Amino acid sequence: MAVLGPEEWQAVALSLKVSTWATVLSLPLAVLAAHALARWRFPGRALLNGLVHLPLIMPPVVTGYVLLIVFGPAGPLGRALQSIGVVLAFNWTGAALAAAVMGFPLMVRAIRLSIEAVDPRLEQAAATLGASRMWVFLTVTLPLILPGLVAGAILGFAKAMGEFGATITFVSNIPGQTQTIPSAIYAFLQVPGGETAAARLVALSIALALGALLLSETVARRAARRVGGQ
Amino acid sequence: MKLAVALHQPLGALALDVAFTAPPGVTVLFGRSGSGKTTVVNAVAGLLKPARGRIALGEHVLQDSDRGIWLPAHRRRLGYVFQDARLFPHLSVHQNLLYGRRFAPRGAQPEPEARVIEMLGIGPLLDRRPGALSGGERQRVALGRALLSAPRAILADEPLAALDEARKAEILPYFERLRDEVAIPILYVSHSAAEVARLATTVVVLQDGRVIRQGTTEDVLSDPSVTPLGARAAGAILSARVIAHHHDGLTELDAGGARLLLPRTLHPIGTPLRLRIAAQEVIVSRARPEGLSALNILPGTVEQIRSGDGPGALVSIRTKAGTVLARITRRSAAALALSEGVDCHAVIKSVAIAPEDIGR
């Protein structure tokens, strides 16, 4: 396979940066949301469930547009963030936000499933030994959901790497700023003679996705063995 | 320190309405399944919040619904041993044992780790994972984990019910040691007469969500009117002391001046023992029987006769060794003209006293 051109490298590097930030920043929130959905009983639980899953169901373009309205230069949150120096619209940070929002439901689903698989009787036992809810979570629940957590994170990362619709709507397609791998493939396909570059990025995308899957399998298996009690 | 419990809680079709106190030693909540035992223990542990109630351990109030007090489980400092050991699968045995220690208050003085490990015989297991332990080993680790969290009382919900007979026999002595060596109340749920006989210092009998009797083990188990598991499971307790091991495989005991012979036990001479004499293994005779193979003949007087609608009757007989329960037919009771105050003899075969009926 031919070496990537500078523009393609830029897209790859940006995609990795955007996806890493999107995953790292949304993971704690996803754990919180998954724990709330799996274990807590509170009014508005169905609403939270719906909100979390909305980006999975809605057309990505709609999600991107909503982000633009809320976080854009004229949006309420966008203006507030701008006053403290955080610009999201047409910036790589915005691409990270779009990727995080789109990957969030996948993460929450994977983590929620693994939390539901944790025997609540173990958490009760921890409480009788003096652990508060926070400690029960940190010392019992969290180690036991580690495989699900890793799977969720990798799923979210892979989704972030491939996010296109919401990203291009929210932050456009600016090389070096917001042009991630999918946007770059799209851009290459729009110009005559761009097919070779697009094909290289397509091959790279497939390799990255495969690598992510293999990694998640290995890590999850290792973690499962560790918590399996053997 | 005493554990005082008074609870009211709707429970399925019936209401749980109990009040009892558990002094230091083992208090067994005794009754058939569905009588509300586990609900009581879970309420004491703070794992469920009863509609109304007051639970106090010495001067520590754990719940007082009149004053709006309800401590969550993690602030009650009660060691709970569950039926399923509930060890943390991601931690080693040693890490499991130390789990509660970090949450104990600074001033608390848990049992020394080395002593607990020695008492429970779990030293060789420390580096293992719970998944690699047998059921009996798991339960011993769970007991150690509860002890090392510096609890003010121990709760145990049928900790032996999931084990086979051999494993039960392996664990019971550890609970006996715990009772004799640790000075905190132990609330122990059981529907096994043998466990009550061996462990209990106090018995609280639960039936359909109510306490029908509470008192010392000797008093409760020798009362023919209290048979939560039916007359077939009835049996009184005698306290005795080993005085001799004979060459023909028998051990001789002294019980309040009366001599008892039973199959050889491994307990050294001088050891105080508790024997459960199953009521249906006791024969009643008016005259002192002659030419009989049974070795234990205890003279006494009939204290109480209890007969129901069935063919059977439960007779309590006061002897020098203590009160013995005998399950006989109503026809025999009539034929022997048994009534309160009548002199008679309780006849007990030595081999009818099984090893699981002998405890410390």
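**View 1. How much of chain B is buried in this predicted model****.** Of the 360 residues in chain B, 45% are buried. Chain B is built from eight helices and 21 strands. Its radius of gyration comes out at 22 Å, close to the 21 Å that the globule rule gives for 360 residues, so chain B is as compact as a globular protein of that length. Along the principal axes, the C-alpha atoms of chain B fill a box of roughly 65 × 50 × 30 Å. Take the contacts in chain B between residues at least 6 apart in sequence, and 69% of them join residues at least 24 apart.

**View 2. The two domains of chain B****.** The domain assignment splits chain B into domain 1, residues 3–221, and domain 2, residues 235–359. Measure by C-alpha atoms and the centres of these two domains of chain B are separated by 32 Å. Where they touch, domain 1 of chain B puts in ten residues and domain 2 of chain B puts in nine. On the domain 1 side, helix 5 (165–181), helix 6 (193–199) and helix 7 (217–221) of chain B each chip in at least two residues. Helix 6 of chain B gives the most to that side, with four residues. Sorted by type, the domain 1 residues that touch domain 2 of chain B are six nonpolar, one polar and three charged.

**View 3. The annotated stretch of chain B****.** An unreviewed UniProt entry carries the annotation "domain: ABC transporter" for residues 1–233 of chain B. From end to end, the C-alpha atoms of residues 1–233 of chain B lie 32 Å apart. Helix accounts for 28% of this span and strand for 28%.

**View 4. An open, five-stranded sheet in chain B****.** Read across the sheet and the strand order in chain B is 14-13-12-15-21, with antiparallel pairing. Strand 14 (258–263) and strand 21 (358–359) of chain B are the edges, and each pairs on one side only. Zoom in on strand 12 (residues 235–245) and strand 13 (residues 250–255) of chain B: these two run antiparallel and are joined by four bridges. For B:H245, the bridge partner in strand 13 of chain B is B:T251.

**View 5. Where chain A touches chain B****.** Here 18 residues of chain A are in contact with 22 residues of chain B. On the chain A side, the elements giving two or more residues are helix 6 (120–128), helix 7 (133–162) and helix 10 (195–227) of chain A. Helix 6 of chain A gives the most, with six residues. By type, the chain A residues that touch chain B are nine nonpolar, seven polar and two charged.

**View 6. Annotated transmembrane regions of chain A****.** According to an unreviewed UniProt entry, the "transmembrane region" annotation covers residues 20–38, 50–71, 83–104, 135–158 and 197–216 of chain A. Two of these spans get a closer look here. Residues 83–104 of chain A are 64% helix and 0% strand, and the end C-alpha atoms of the span lie 27 Å apart. Residues 197–216 of chain A are 100% helix and 0% strand, with end C-alpha atoms 29 Å apart.

How values were computed: Residues numbered from 1 in each chain as written. Chains lettered and ligands numbered in written order. Predicted model: local features only at pLDDT ≥ 70, side-chain atom pairs only at ≥ 80, totals over all residues. Contact = placed C-beta atoms within 7 Å. Nonpolar A, V, L, I, M, F, W, Y, C, P; charged D, E, K, R; others polar. UniProt positions renumbered as here; feature names shortened; annotations may be inferred. Pairing = 2+ DSSP bridges. Domains from an automatic or database assignment. Rg over C-alpha atoms; globule rule 2.2 N^0.38 Å. Buried ≥ 20, exposed ≤ 12 C-beta atoms within 10 Å, placed from the backbone.
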